[in-house]
Amino acid sequence: MEMSQIALNQGLTFLTWATGIILIVVAGFLVKLLIDLSTLAKNLNETSIIVNTELKPTLKELNTTLSSINEIVKSTDKGVGDFKSAVGKIIDKTKAVSGSLIGGLFNGFVTAYKLFKK
């Protein structure tokens with residue numbers, strides 16, 4: 001019985017040492033993980049600061065450019081509207097003139113026909 005107790009004692013001692021070594025290794029990896037996460041957080045913070053400082057002037061410039069493009073589009077739209085109304089007026093006058101010319105020519109032909117018919 002004493003032999004089995006010695007074997008059990010040695011087995012428990014080995015298990016204790018193995019568990020301690022494994023816990024030390026896991027703790028080392030956890031410490032390294034925490035250090036890497038801390039470094040990552042610092043790098044992300046620096047990156048966000050850099051992006052923030054670089055993005056503000058770019059957004060201001062983009063806003064200015066979009067305002068300029070908007071003004072160009074508005075003036076072009078106004079010019080197209082003016083041109084459209086001018087062309088509409090010319091077409092209306094042309095219709096009136098051509099209508100009176102065609103009417104006059106038709107009346108002339110009718111009168112000439114009546115004269116030659118008699």
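Partly exposed, as I use the term here, means a relative accessible area between the buried limit of under 20% and the exposed limit of over 50%. I keep in mind throughout that the model is predicted.

**Entry 1: Thr47.** I looked up Thr47 and found 44% relative accessibility, so this residue counts as partly exposed. Thr47 sits in helix α1, and a polar atom of its side chain lies 2.7 Å from the backbone oxygen of Asn43.

**Entry 2: the chain as a whole.** I then asked what secondary structure the chain has, and the assignment comes to one helix and zero strands. Helix α1 covers residues 2-117, in a chain of 118 residues of which 0% count as buried. For the accessible surface of the chain I noted about 11000 Å², with 72% of that area belonging to carbon and sulfur atoms.

**Entry 3: charged pairs.** Side chains of opposite charge can pair when their charged atoms come close. How many salt bridges does a search of the whole structure find? The search returns one, and I recorded it as Asp36 with Lys32, where the closest N and O atoms are 3.1 Å apart; this pair counts because the separation falls within the 4 Å cut-off. Both partners lie in helix α1, four residues apart, which is about one turn of the helix. I also checked how open the two residues are: Asp36 has a relative accessible area of 39% and is partly exposed, while Lys32, at 48%, counts as partly exposed too.

**Entry 4: a nonpolar patch.** Which residues form a nonpolar patch on the surface? I listed Ile22, Val26, Leu30, Leu33, Leu34, Leu37, Leu40 and Leu44, which together have about 770 Å² of accessible area. From this list I looked further at Leu30, which has its place in helix α1 and which, at 47% relative accessibility, counts as partly exposed. Leu30 can belong to the patch because its 47% is over the 30% required of patch residues.

Definitions and conventions. Residues are numbered from 1 along each chain as its sequence is written. This is a predicted model: local features need pLDDT of at least 70, side-chain atom pairs count only at pLDDT 80 or more; totals for chains, interfaces and linings use all residues. Side-chain values use heavy atoms; hydrogens and water are left out. Helices (H or I, at least four residues) and strands (E, at least two) are DSSP runs, numbered from the N terminus. Buried means under 20% relative accessible area, exposed over 50%, partly exposed in between (1.4 Å probe, protein chains only). Accessible areas come from the Shrake-Rupley method with a 1.4 Å probe; for residues, only the protein chains shown count as cover. A salt bridge is a side-chain nitrogen of Lys or Arg within 4 Å of a carboxyl oxygen of Asp or Glu. Patches are made of residues with over 30% relative accessible area and no salt bridge: like charges are joined within 9 Å, nonpolar side chains (Val, Leu, Ile, Met, Phe, Trp, Tyr) within 5 Å. A polar contact is a pair of N or O atoms within 3.5 Å; within protein, one must be able to donate a hydrogen and the other to accept it, and residues adjacent in sequence count only if both atoms are side-chain atoms.
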